[in-house]
Amino acid sequence: QKHSKNGGKLPPGPPSIPIIGNLHQLGTLPHRSLQKLAQKYGPIMSIRLGTVTSIVVSSPQAAEQFLKTHDTNFASRPKIQASDYMSYGTKGLVFAEYGPYWRNIRKLCTLQLLSSSKAESFAGLRREEIGVSLVESLKMSAATGEVVDLSQKIGEVVEDISTRMILGRSKDDDRYDLKGLAEEVLTLAGAFNFADYVPFLGALDLQGLTRRMKKASKHFDQVLEKIIVEHEQDINHQHRDLVDVLLPLINQPMNPQDDHIYVIDRTNIKAILLDLIIASFDAATTATEWTISELLRNPRVMKKLQEELQSVVGMDRIVDEKDLVKLGYLNMVMKESLRLHPVVPFLIPRECMEGITIGGYYIPKKSRIMVNTWAIGHDQNVWSNNVEEFFPERFIERNIDLRGHDFELLPFGSGRRMCPGLHLGLTTVRLVLAQLVHCFDWKLIPHGTRPKDIDMTEIFGLSVPRANHLLVKPVHRLLGQSM
Ligand code: HEM
């Protein structure tokens, strides 16, 4: 039985060793390692990551306690080295600690940058990038029988949409590798950094992470500064992109009605932009890649989805964003994919603000909360014994949505810190998928590869993308030159 410093009974968990605690038990895929440990120690488990008490939550009932019943107490984020370096001293939204500053910035983001109407205002841009550029380039590959790197294609289209939407520029005039930078930031933010857990080792930078963070943050700052200056010098200032929405707010109070008046400066704007770039580049790409991988592994589901598209859209045109609401099976496919491959398997870490007793166990102040949504999605007790099967039909009988009300499925988190980009992210992912599945059949390579042989290796960071790129051959399946 483990106890906290004040004598409270901690949740059960594996024994830890001096200095590193349980860090050595995380392995290369911590969501899987911690699922195995939770099967032994229970859905509320305590581990020690260096000196930091961490609570791993692995069942829907336990997640509800942390994210709904006691939401406010767990609505903060721990201060980690990555947030200091890569969020301008936690001035962005993702890593900000819970309080008036976060509340104001969250309001600004949800109302002005990520609202449904703002997301809809970019429909034309999505049509150009997905419906025209992506589909046309794949049609050309289909005509020549070329193998395409589908992972790269998906990454590029999401990057193009995000870059135009947020920064108002197309990737072609971007001499900086924003995608590479965003990937680096996510890897660094997701790494179990000794500096965060064993402070005296931090100064030694044994993993080389501090060095990489300094380099990435400097590089990102140069890019953002350049983009802001370009916008400031643009005399035909029209509201076209999210930088244009943010710039007039400089030197303005964030919320004049609030007791704590925060005046927006340049670093606030850069920190918000950095959050948006990283969140939008990666999450939508990863979700789309996993879903198409599962469809290729499961020809029955692929065929059924193509039939739905054929009956709703027809074979003489590509999918329009307005069709999405009518595509019920596509929605189920998305849910099933996010169940098996939650993009951010531990959500973004939360911190306990005040010591509290939950389920008879004491959760100490400042302990780190990791909700293992991957373990919940793979739990037989929640999803029955076909849990490993990609079976979207399971959602016919289960009225479960993705908005954080159903604690069995939490790909966007839940409660106050839930993802504010859900609408925007899901619209892009569903549209890319719908086009890929409606416009093309896909041949596996090398010839003779069986669907079940498709490699599904994961790689761990703050998000968990495919380790290897997906290579396939497209075959155009719509009538004539359909647009
Ligand atoms: C399929 C796409 C996406 C997935 C699966 C996803 C998932 C998540 C998850 C799991 C969290 C943590 C929630 C928690 O701690 O409870 C989060 C937070 C966040 N997401 Fe997303 N996200 C996606 C797309 C986006 C997009 C497109 C944006 C914006 C452009 C965005 C912006 C954010 C921000 C700013 C936060 C931090 C919110 C806060 O701390 O208050 N996300 N997202």
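**A walk from S16 to the ligand**

Start by selecting S16, which sits in the segment ahead of helix 1 (30-41). Keep in mind as you go that this is a predicted model. Is S16 buried or exposed? The answer lies in between: S16 has 19 other C-beta atoms within 10 Å, and 20 or more would be needed to call a residue buried, so S16 counts as partly exposed.

Now show the contacts of S16. Leaving out residues up to four places away in sequence, S16 touches G21, N22, I47 and R48. For a sense of distance, add T110 to the selection: T110 is 94 residues from S16 along the chain, and their C-alpha atoms are 41 Å apart.

Next, select helix 11 (residues 209-233) together with helix 13 (residues 266-297). Their axes come within 10 Å and cross at roughly 110 degrees, so helix 11 and helix 13 are roughly perpendicular to each other. The crossing of these two helices is right-handed. Which residues meet here? From helix 11, colour F220, D221, L224 and I228; from helix 13, colour I269, K270, L273 and L274. By class, this contact has 6 nonpolar and 2 charged residues, with no polar ones.

Stay with helix 13 and bring up the ligand, because helix 13 gives the largest share of the shell around the ligand, 7 residues. Helix 19 (422-439) is worth displaying too: helix 13 and helix 19 each supply at least two residues of that shell. In total, 27 residues surround the ligand, and the closest are A283, G413, C419, G421 and G425. Colour the shell by class to finish, and you will find 19 nonpolar, 5 polar and 3 charged residues.

Terms used
Residues numbered from 1 in each chain as written. Predicted model: local features only at pLDDT ≥ 70, side-chain atom pairs only at ≥ 80, totals over all residues. Axes fitted to C-alpha atoms, helices over the stretch in contact; angles between N-to-C directions. Helix = DSSP H or I, 4+ residues; strand = E, 2+ residues; numbered from the N terminus. Parallel < 35°, antiparallel > 145°, perpendicular 65-115°, else oblique. Left-handed = near helix turned anticlockwise from the far one by under 90°. Contact = placed C-beta atoms within 7 Å. Nonpolar A, V, L, I, M, F, W, Y, C, P; charged D, E, K, R; others polar. Buried ≥ 20, exposed ≤ 12 C-beta atoms within 10 Å, placed from the backbone. Near = placed C-beta within 6 Å.
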